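Here are a few worked exercises to try with the model open in your viewer. Have a go at each task before you read its solution.

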Amino acid sequence: MTGRARARSRGRARGQEVAAPGASQARESAVPVPAVSSEGELAGRGRQKGAPGPIVENVLQISAGFYQVKLGERGGRRRDFNDTGINTRQAMEHVKDSKSGTSGSKIKLTANFFRILSRPQWVLYQYHVDYNPPMESRRLRSALLFQHEEALGSARSFDGALLFLPHRLHDKETVLHSETRNGEKVKITVTLTNELPPSSPVCLQFYNIIFKRILRILNMQQIGRNYYNPHDPLNIPQHRLTIWPGYTTTILHYESAIMMCTDVSHRVLRSETVLDIMANLRQRCGSQQFADICAKELIGLTVLTKYNNRTYKIDDIAWDHTPNNTFKRGDTEISFKTYYKTQYGLEISDGNQVLLISHVKKMGPAGAPPPGPAMLIPELCYPTGLTEKMRADFRIMKDLSSHTRLDPEQREGRLNRFVTTLKMNANAQAELDQWGLNFDKQLLNLTGRVLQGERIFQGSKVYDYNPLRADWSKEMRGVPLIVAPPLNNWLLFYTRRNSSEAQAILQNLQKVSGPLGIRTQRAVMIEYDEYQESLLGVMQQHVGPQTQMVVVILSSNRKDKYDSVKKYLCVDCPVPSQCVVSRTLSRPQNLMTVATKIALQMACKMGGELWSVEIPLKQLMIVGIDCYHDTAAGKRSIGALVASLNQAMSRWFSMCVLQHKGQEIMDGLKKALTGALKDYLKINNCLPSRIIVYRDGVGDGQLHSVVNFEVSQIMDAIKAMGSDYMPKLSVVVVKKRISSRFFAHLNGKVSNPPPGTVVDTDVTRPEWYDFYIVSQAVNMGSVAPTHYNVVFDTSGLKPDHMQRLTYKLCHMYYNWQGIIRVPAPCQYAHKLAFLVGQSIHREPNAHLADLLFYL
């Protein structure tokens with residue numbers, strides 16, 4: 001795999017093209033509303049931002065008024081991230097009694113879960129709290145409410161809008177009066193909205209609120225969804241970076257008990273403010289280009305405002321606004337400078353700095369207009385995360401990973417220290433005792449199973465690989481591929497500066513192709529000039545319908561040049577193409593390895609079949625679906641569908657559709673699934689009798705959308721093939737971004753579980769047919785399992801067979817000679833959606849549908 005391909009296989013962007021809204025949208029009346037926390041619109045690869053579908057009523061039976069409360073009055077955005085209340089298992093007869101598999105050898109594991117040993121057994125009273133005038137600061141809301149301890153009692157839980165009490169107040173609506181330090185009178189209305197028995201699912205939400213308070217007692221600060229310790233920072237002064245260590249915590253009802261899942265988290269903060277960055281840019285580039293360069297550098301950046309510990313995305317810069325500008329707060333005009341002084345006690349030193357704009361993606365109360373954009377002060381904003389330039393810097397990433405990539409022993413030790421700190425802190429323990437909560441002090445022990453390693457079929461040979469390495473790159477050397485298309489008519493484009501690298505890679509491709517069974521004729525070599533139009537011009541001149549493959553050697557990793565190549569060869573003139581950065585070819589000692597990976601990629605892109613594993617099920621079609629959000633094309637969603645076309649799972653149909661924001665992803669993919677079924681019929685002379693869909697890219701809180709809408713749309717696409725066609729159907733939601741971690745204790749050492757480890761008890765959810773698989777091996781840090789949730793199943797496959805088939809498919813990704821983290825069709829769909837969203841921004845030409853042209 002080339003350096004470029006390796007970066008792209010990890011889903012890394014070449015550069016974000018953010019369409020910036022005009023600063024004119026910063027209305028004078030716009031209030032500095034609290035930011036949408038990073039738990040809100042989870043963007044990035046595979047996160048679906050569409051309409052989430054109906055709320056499950058029996059779970060979140062919270063007052064209707066709660067949903068109409070302004071964001072600023074609520075203490076953050078509230079969503080059901082854990083998809084509670086969606087019971088899919090009850091509809092599947094074959095897993096009602098047991099969803100556990102039996103094959104494989106047993107292994108003792110620990111997991112990052114702590115049991116709740118005791119919990120409250122009394123009715124909990126839920127109140128909604130309203131402020132007049134509205135108070136944006138959550139800290140101020142709490143302080144004003146807690147002035148009335150005599151009326152409320154000392155045992156209480158408040159998250160900014162909801163108040164939980166263990167006793168009922170005298171009246172259904174209680175009116176309290178408080179006063180701020182500045183003498184402002186505030187009316188507080190406390191309204192009873194619900195009475196919750198101990199068995200109520202909303203009690204889980206309450207336990208999570210209580211535990212967040214415990215984290216605050218431990219002096220941790222909330223950023224986004226997680227809590228971090230600012231008092232124990234890890235400084236990397238040479239890169240001007242600070243890492244705050246922290247934890248993710250979720251309390252849920254799992255298979256065996258109510259437990260808390262806890263994992264280690266890190267937040268990377270930059271030591272400089274946005275104002276510092278702007279000052280450096282002005283010094284570096286002068287006043288003339290400052291506005292353009294500043295916008296390019298800052299727009300799209302996520303920043304942290306420490307006064308309310310919230311993250312914002314910068315959408316624009318208000319060049320005509322300074323902290324001295326005013327906005328309307330209630331009935332009075334107030335300047336930003338005065339607002340931050342009275343609300344947060346912050347003095348703004350530079351009165352001439354321009355303001356930053358962050359568009360709040362939240363509607364106001366019912367019937368009211370949406371809130372204006374949040375106006376941010378640069379000197380109070382700290383950039384979070386890493387820029388693309390930082391990510392490309394090997395030294396920065398190496399120094400960061402030494403602090404953040406914890407091996408299993410370090411991670412388990414950190415978790416044990418966390419629960420010990422919890423038990424030793426008198427204030428935290430007193431708070432837990434007050435509510436009757438008690439946690440286990442040890443990590444959960446459970447038993448997993450390790451599936452047997454697969455045999456790899458390649459050409460006429462069958463071989464095994466080292467199951468602990470999960471890699472067969474050495475074993476496959478010199479073994480002919482299953483199908484290797486001859487390479488007779490191909491072009492190699494290079495610049496004069498890269499002519500020696502072009503000759504070297506050509507010679508090495510000739511050397512490695514023979515043993516792999518690829519018959520290769522010498523390429524037609526075409527020189528182009530450095531500028532972009534030259535490359536496009538020579539391609540238009542030389543690439544024709546007879547061309548099998550185009551190889552382009554690029555002088556640099558410039559995104560625009562790569563994009564122009566892919567746009568032309570994927571849309572206008574459909575020919576498989578391979579781009580290689582000249583730096584990748586500059587080390588002679590690595591050239592044979594690089595040439596082998598390039599040869600394998602080229603073979604795949606032309607329709608070659610590299611290897612396969614044994615798939616016992618006949619007439620089976622596997623489908624992978626993923627999505628990507630294209631910021632350059634007006635935030636459109638890109639849905640990609642990849643479907644198998646043969647028994648060996650070595651040929652694939654691929655199709656991509658572009659959709660507008662809010663549109664269900666399956667709307668366009670119905671056509672793609674119908675196209676895949678027609679292609680399968682043409683190749684096999686029959687339709688598949690069994691279809692298994694692996695749906696990746698489902699964000700937190702999006703499961704009901706898949707269950708309620710997508711499954712029926714998949715069935716509609718199948719019905720379009722004929723009313724009498726009724727194949728067995730399974731839909732599996734694949735989730736990689738999870739907090740669950742498993743640790744094996746082998747030979748007295750804490751280590752990662754071996755590849756093929758399956759966990760389907762204790763930490764799964766009782767209402768789902770779900771399981772975890774650790775399929776890949778890692779050289780550094782702790783391995784992350786993948787969570788599979790079978791949301792629909794008429795196939796009747798035993799849990800054992802579903803788990804083994806899923807693991808087999810993790811062997812079939814042709815861009816890596818080893819086992820990957822998800823089934824191959826999911827990774828293929830991700831690669832296709834990523835290419836279209838990052839580079840092409842249009843649907844690829846249908847002539848390429850049967851080729852893996854996007855690897």
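Why is strand S28 (residues 577–581) largely enclosed by the rest of the structure? Before solving it, note that this is a predicted model, where local features need pLDDT of at least 70, side-chain atom pairs count only at pLDDT 80 or more, and totals for chains, interfaces and linings use all residues. Residues are numbered from 1 along each chain as its sequence is written, and side-chain values use heavy atoms, with hydrogens and water left out.

**Exercise 1: strand S28**

Solution. Start with the terms: strands (E, at least two residues) and helices (H or I, at least four) are DSSP runs, numbered from the N terminus. Buried means under 20% relative accessible area, exposed over 50%, and partly exposed in between (1.4 Å probe, protein chains only). Now count: 5 of the 5 residues of S28 are buried, so the strand is largely enclosed. Next, sort the residues by direction. Ser-577, Cys-579 and Val-581 point one way, Gln-578 and Val-580 the other way, and all are buried. That fits the usual pattern: in a regular strand the side chains alternate between the two faces of the sheet.

**Exercise 2: the neighbour of S28**

Find how S27 (residues 549–554) is joined to S28, and trace the chain between them.

Solution. First, the pairing: 5 bridges join the two strands, which run parallel (a pair needs at least two DSSP bridges). Val-551, for instance, has Gln-578 as its bridge partner in S28. Then follow the backbone: the chain leaves S27, passes through helix H15 (residues 559–572) and arrives at S28, a right-handed β-α-β crossover. Right-handed here means that, with the strands pointing away from the viewer, the path from the first strand over the helix to the second runs clockwise.

**Exercise 3: helix H16**

Check the span of H16 (residues 591–605), then its burial.

Solution. The expected span is 1.5 Å times one less than the number of residues. H16 has 15 residues and reaches 21 Å from first C-alpha to last, close to the expected 21 Å. For burial, 11 of the 15 residues are buried, so to speak mostly covered. Among them are Leu-591, Ile-598, Gln-601 and Lys-605. After the helix comes Gly-607, with a positive phi near 105°.

**Exercise 4: unusual backbone**

Locate a cis peptide bond and two positive phi values in residues other than glycine.

Solution. As a baseline, most residues other than glycine have a negative phi, and most peptide bonds are trans. The bond from Asn-132 to Pro-133 is cis, with omega near 0°; Pro-133 sits in the loop between strand S3 (124–132) and helix H4 (138–145). Asn-747 has phi near 55° and lies in the loop between strands S34 (742–746) and S35 (749–751). Asp-762 has a phi of about 60°, in the loop between strands S36 (757–759) and S37 (769–774). Now compare their surroundings: Asn-747 is exposed at 83% relative accessible area, whereas Asp-762 is buried at 19%.

**Exercise 5: nonpolar cores**

Which residues touch the most other members of the largest nonpolar core?

Solution. A nonpolar core is a set of buried Ala, Val, Leu, Ile, Met, Phe, Trp, Tyr and Cys residues joined through side-chain atoms within 4.5 Å. Of the 109 residues in the largest one, Phe-493, Tyr-694 and Tyr-828 touch the most other members. Helix H20 (residues 824–840) gives the most to this core, with 10 residues. A second, separate core has 38 residues, including Phe-164 and Leu-443.
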